[in-house]
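Here is a walk through how some strands, helices and chains sit against each other. Have the model open while you read.

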Amino acid sequence: MITLTLREQPPVPLEAEALSPDVMAALAHDAIRALPVYLGKRQQRVDDLFEVAGEASDELEIRGDAAKVKWIGRGMTRGRISIVGNAGMHLGAYMKGGTIEVSGNVSDWLGAEMSGGFIRVRGNAGGQVGAAYRGSLSGMQDGTILIGGSAGLEVGMRMKRGTIVVGGLARDFAGLQMKGGTIVLRGGAELRTGAWMVRGTIVSLTPIRLLPTFSYASTYNPTFLRLYARHLGTLGFAIPHEDREGAYRRYTGDSAVPGKGEILVWKPAGA
Amino acid sequence: MLRITGGKVHDPANGIDGVVRDVCIADGRIVARAEGGRTIDASGMVVLPGGVDIHTHVAGAALNFARGMTPENFRRAVPFLRTPERRAGLGGITPTTFATGYLYAGMGWTTVNEAAVPILSARHTHEELRDIPIVDKTTCVLMANNEIVLDLLEAGELERAKHVVAWLIWAAKAYGVKAVNPGGIVAWKWGRNANTLSAPVEGYSKVTPATIISSLAGIIDELRLPHPLHIHGNNLGVPGNVSTTIETMKVLEGRRAHLAHLQFHAYGGDDWGSMRSEAAALAEQFNARKDLTADAGAVLFGDALTITADGPWQHLLYQLTGRKWGNVDVENETGCGIVPYVYKGSSLVNAVQWAAGLELLLLVEDPWRIFLTTDHPNGGCFWRYPELIRLLMSADHRRECLKQLPAKALKRIVLPELDRQYTRSEIAIITSAGPARALGLPQKGHLGVGADADVALYDEGRDGGLEFAYPRYVIKGGEIVVEEGEIRAVSEGREFIVRPSFDEQIEEYLRPLFQKVYTMSFDNYPVEMERLARPDVQACG
Amino acid sequence: MQRGGVRIGDSFAEAFDMRASRAVITARSRSWALTAAQAMTGFATSVIGCKVEAGIEAELAPEGTPDGRPGVSVLMFGFDAEGLGKRLLERVGQTILTCPTTACFDGLPQGGERVAVGGLLRHFGDRYQSSKRLDGRRYWRIPVMEGEFLVEESFGVQKAIGGGNFLILAEDQDAALGAAEAAAGVMRGIGGVVLPFPGGIVRSGSKVGARNYKKMTASTNDAYCPTLRGRTGVTTALPEGVNSVLEIVVDGLDRGAIEKALRLGIEAACRPGVVEITAGNYGGKLGKHLFHLHALLSE
Amino acid sequence: MGGKITCTLGEVKNRADFIVYWGGNPAECHPRHFTKYTLTQKGRFVPEGRKGRTMVLVDIRETPSAKAADVFLQVRPGADFEVATSLRAIIKGQPVDEKSVAETGLTVERLQDLADRMKRARFGVIFFGMGLSMTRGKHMNSAAILMLAAEMNAFTKFVCMPMRGHGNVTGSDMVLRWTTGYPFGINLSRGYPRFNPGEFSTVDLLVRGDNDAALILGADPGATMPQPGIDHLARIPTIVLDPKVTHTSRLARVHITTAVTGISAPGTAYRMDEIPLPLRPALQSPYPTDEEVIRRIHRAVAAKPAWFPAPAARMAIA
């Protein structure tokens, strides 16, 4: 395993796309130390900012408060990054495979435009989780993002496939212009959830405010959700799905598009 | 002083076809002999006059609008990092101004014609052109939907129209006149279009697209502009539009004209399902019309961005693609639509378009009358010209590409039967000598004594037909700007403009009219000379 | 060879290459899953007359199914993937889609070839259907009056073997049926095989072609019909004292499963009143797979 | 999927018979708008002037502009996105939920009426103001109006235009677009332009404290920025170029007084419709122009050891 320990939080953002198994897996210790990172406009070496241990491994561990370190795991296709602490913007952006685990919080654009792989964040995430970058036609194409805590604006914006689970509260525009895939909001969301969605599924386990352009269809427990419940259950996220517990109110929209997306809002039995 | 020695020179304008001879340069021009100074050993290289792009969109309000609309394209674009010589920028589908200069020069092109300038924002266009380094520029102003001009045509006041057109050209500090979808944009301002050349334009009783075309072409000839009327005909991109194109050619009988991006006007069929290439029929008609020139507007598969003053067409395209759509209508003058587009080899329509462009280039017999363009960025990006050249020079390569097309498409095109292969000198004609002549720039497109010293040197027979992709040397105005394929020096380009004669009194006619229909004061309308970088006024007639 | 006082004929069962798919049917309750499975595997005794052979492989506990509901796994056998795909589509469409609360999943995700099922059935959704992709598998949600029918996009197909069998030659009908039921009972519990015939038992063994009707491709196996003993032209295969014969036919996903089924089945069938247990074959000329009873039992 | 359908102001003057002001108060913020371009002007195809035009005002409170309007729709604060999105559905004959429409302060009937009027228009225009782009939902509120205008073109001619704030905002937007490809929120630290609003836009940069110096030109963030951003400006070396002393100059290390562009300095200003106007100075100024100061700073910086990015600074294109 390769371990990078950030000596101190950099004064300005550090751009470090070299922090990825694809880059490091084949490198000897000295080569890893010499990899370029960008502190503002200055090019520096990894070992200017990190204590480096280990070499040539698919396993990368990053320690210290990396809240200002951007682009970790950019476009990674393999291996595993575990971050003990926080991570900055664009963590796992364009990711194609492999695993990223974060014990703390992450900033915006987590897993933006990723097409595969698995990301788990124990703490909170910023905005644009799994989203499309400005102007792009689609956000995440596949893969899984699990967030234990809350998430910011535009979760899953323009996502096409894949699964995003937010444990806490998501802010406005979750599932904005969504084209497919599944977003599970265990803690609900603020406003404009599913705005302009074309296809895809948003599941909310707590009541949410809906746009006028979503209309109520029916109340039931969709069979497909049982597959997700089983899948996510093994990852530590329970999703209710038994009739005795309650059922989901199904809303379709966004009729402004017009889209055939769905928002499933959990209604506990007797509630 | 500079001497290029040992290279095979292709200078078709002077009848030189692959002869090894010296090219001498002094004070930015080609000279008979140069004593002392630097010598470039060009043995193993071919020497051509710098490329001239007769129809491209590299600057102006519309293009800048498109840039703002498509950050996703820039994210995927080749970045230009700041160096001691170069400024930072981005390439891609609508390159930034500095990158545009580097990309053209880096390919061996040294003169470009920005083909669509609204007069109202001409000041802006010149600001951008000033920031496009190295290459020389010309511009065409949009006139075929100018309501002041159309009103005069409606009233039959041709003489006054002539003075207005001349005044407008000078006000815009332009070089030529472009007619886009004549009458169609006026109609588009009411959400309609002009599909029939002989039918009155929306809001007019007499003026038809045909009268607009013939009158403007006539006026341009009378004003004796170096470049004839530059026409983007009606019904661009629509299946079956070849009849409109042929009718347009009839309307132009007896007048000079340049037909822009002919490929987009060469379709048969009644709808997208039955669309086919009519390039053969069109080329046959065109071959007989020695007074016309055209550029191909060829299509290459991949990302593009359709950006044209043809508003209605853009709305249709937006409805077809369901993607982004930008539109800017310019008061009294023109409009512009922008829709990002991807040409797919698997699409029947796109396959036909791809073939039609090549068919025109191969079936028009006189290379001096058809020029290499992609109507950048509409059919593809200008920096992909080398791919196009390869397709023209190798029938085998074309056959390879044809294999990728849907079988259905092969029934709609004639490309598979065409064996013609362009020679290097013919390439020099359609990329330089021809367009220079059509633009009326005697100092461009050749290597004769007195010509501007714009020269491109390529390794002979470099990697599989792509020999024109990476020049070893590019000389612009006598200065070596590209050396060993790298931008070494960045010079400023000139802007060619014309000042056709007009009766100064015409301003008295225009001033009151202006206050009525414009929102800009008359005195702010004309572009001041000092706005231009190194202006160079060309003579008329 | 003897087993529990029953003679084991020195013969072999002759079986054929087939293709198989496995459908996992789940429902709100065990009984609805079974109802659907029975309907799906009905009229599927022999490829000759039913175009497909099918049977219930096993009942599945909720924790063993993709959606955590009670389920039943069904095996279907055909001669090729294409034909099997057609039959699957017909049967899932007519017997699962229509049956309350059910869902239908691919039970052979590793299957080499794949045939579209949900991918075609979705058209029943008339563009109101939608799909979900999870863990690399795609599912279709087809709106129905009761709610939604969930069916997997495509099903795996693998090589399989059909026509493993043995014959129970007994003193009387009671003994034959008792032995056959005992055999079918144990064989049903074995994974990877099904017994396509009613109750898993066949009474009408057949021979290839016919002696007297030229058009018949198969006709009664006269050599094993007790009533034809001594009839001119019939050379009986039955020893003295045999008055009733029943056959067990087994299709399976691989040779191992069929061997196991045959062995346990035969052992269970070796009961008083059974004279001999032997197997049906065509002299080894037709089928690729031969199961020699002695070899089976001496393992 | 985004984009923008617009025109120059003369098109509005000459053709618009249906004018919507949304989230703006032109009567007070753009007083000449009515008279010069939109409402009272006699246009080429609207010879009767005001009589020939219908004006609708959509806003959260009844401003003086409401008096000028034929129709005033009062929207609950923060409900613009809901209203515009509902309209997008209604013009297409799609269903909307009566109860949640009611939460916007309007009714389905009123929205249906607006939609019908919009469709009857010959040439419609929507001007949208800061009230939209600066409130909750920000760029999405503007996007909703842009989409609405674009989609209206399936029925009749429709355009829209943002009412930018004061100063030459559009000008900087235009120049940045042709030099870097992006309108704002640009980062050049890797040696080439990169764009990401929210990451590189000034307010976000300052609030997060991501920059270690600031050069402020033609703006007074010290007056408008959220407090954390202001504190950061005070913390780092901040240089302000401005004709007058601003809130920002007070917390800056350096203030350089410059000539007022347009009055004593020449230049180009872009209108909200992206049309450039030449600025012709009427007066002399004792102070240098912004351009002169920037050129001098640039010369001084160029004299120092140059910084050039290594080719490796180019991020792999994903």
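Let's start with one pair of residues across a chain boundary: D329(B) stands opposite C7(D), a residue of β1(D). Bear in mind that this is a predicted model. The two strands involved, β20(B) and β1(D) (residues 3-7), pair in the parallel sense, with five bridges between them.

That pairing belongs to a wider contact, to which chain B brings 45 residues and chain D brings 47 residues. On the chain B side, at least two residues each come from α1 (61-69), α2 (71-75), β9 (79-80), α4 (122-130) and β20 (325-330). Which of the elements gives the most to the side of chain B that touches chain D? It's β20(B), with six residues. Sorted by class, this side of chain B holds 18 nonpolar, 15 polar and twelve charged residues.

How does the B and D pair rank among the pairs of chains in contact? There are four such pairs, and chains B and D share the most contacts. Chain C, on the other hand, has no contact with chain B, and the closest C-alpha atoms of the two are 19 Å apart. Chains C and D aren't joined by any contact either, with their closest C-alpha atoms 17 Å apart.

Back to strands, now within single chains. Chain B has an open sheet of four strands, ordered β5-β4-β1-β6, and its pairing is mixed. Its edges are β5 (29-31) and β6 (38-41) of chain B, each of which pairs on one side only. On average, neighbouring strands in this sheet are turned by 30° against each other, direction ignored. One of the pairings runs parallel: β1 (residues 2-5) of chain B is joined to β6(B) by four bridges. Along it, T5(B) stands opposite D41(B) of β6(B).

Chain A offers an antiparallel case, where four bridges join β3 (residues 36-39) to β4 (residues 42-45). Here Y38(A) stands opposite Q43(A), which is in β4(A). The two strands form a hairpin with two residues between them, and G40(A) takes a positive phi near 60° in it.

The three strand pairings side by side:

| Strands | Sense | Bridges |
|---|---|---|
| β20(B) and β1(D) | parallel | five bridges |
| β1(B) and β6(B) | parallel | four bridges |
| β3(A) and β4(A) | antiparallel | four bridges |

Now for some helices. In chain B, the axes of α5 (residues 147-154) and α6 (residues 158-172) come within 9 Å and cross at roughly 165°. Because of that angle, α5(B) is roughly antiparallel to α6(B). The crossing in which α5(B) passes α6(B) is left-handed. Which residues meet there? From α5(B) they are I148(B), V149(B), L152(B) and L153(B), and from α6(B) they are R160(B), A161(B), V164(B) and V165(B). By class, this helix contact has seven nonpolar residues, no polar ones and one charged residue.

Last stop: chain C, which is divided into domain 1 (2-14 + 160-298) and domain 2 (19-158). How far apart do the C-alpha centres of these two domains of chain C lie? The distance is 31 Å. Their contact takes ten residues from domain 1 of chain C and 15 residues from domain 2 of chain C. On the domain 1 side, those residues divide into seven nonpolar, two polar and one charged.

Key. Residues are numbered from 1 along each chain as its sequence is written. Chains are lettered from A and ligands numbered from 1 in the order in which they are written. This is a predicted model: local features need pLDDT of at least 70, side-chain atom pairs count only at pLDDT 80 or more; totals for chains, interfaces and linings use all residues. Axes are lines fitted to C-alpha atoms, for helices over the stretch in contact, and angles run from 0 to 180 degrees between N-to-C directions. Angles under 35 degrees count as roughly parallel, over 145 as roughly antiparallel, 65 to 115 as roughly perpendicular and the rest as oblique. A crossing is left-handed if the near helix is turned anticlockwise from the far one by less than a right angle, and right-handed if clockwise. Two residues are in contact if their C-beta atoms, placed from the backbone, lie within 7 Å. Ala, Val, Leu, Ile, Met, Phe, Trp, Tyr, Cys and Pro count as nonpolar, Asp, Glu, Lys and Arg as charged, and the others, Gly among them, as polar. Two strands pair if DSSP finds at least two bridges between them. Domain bounds come from an automatic or database domain assignment.
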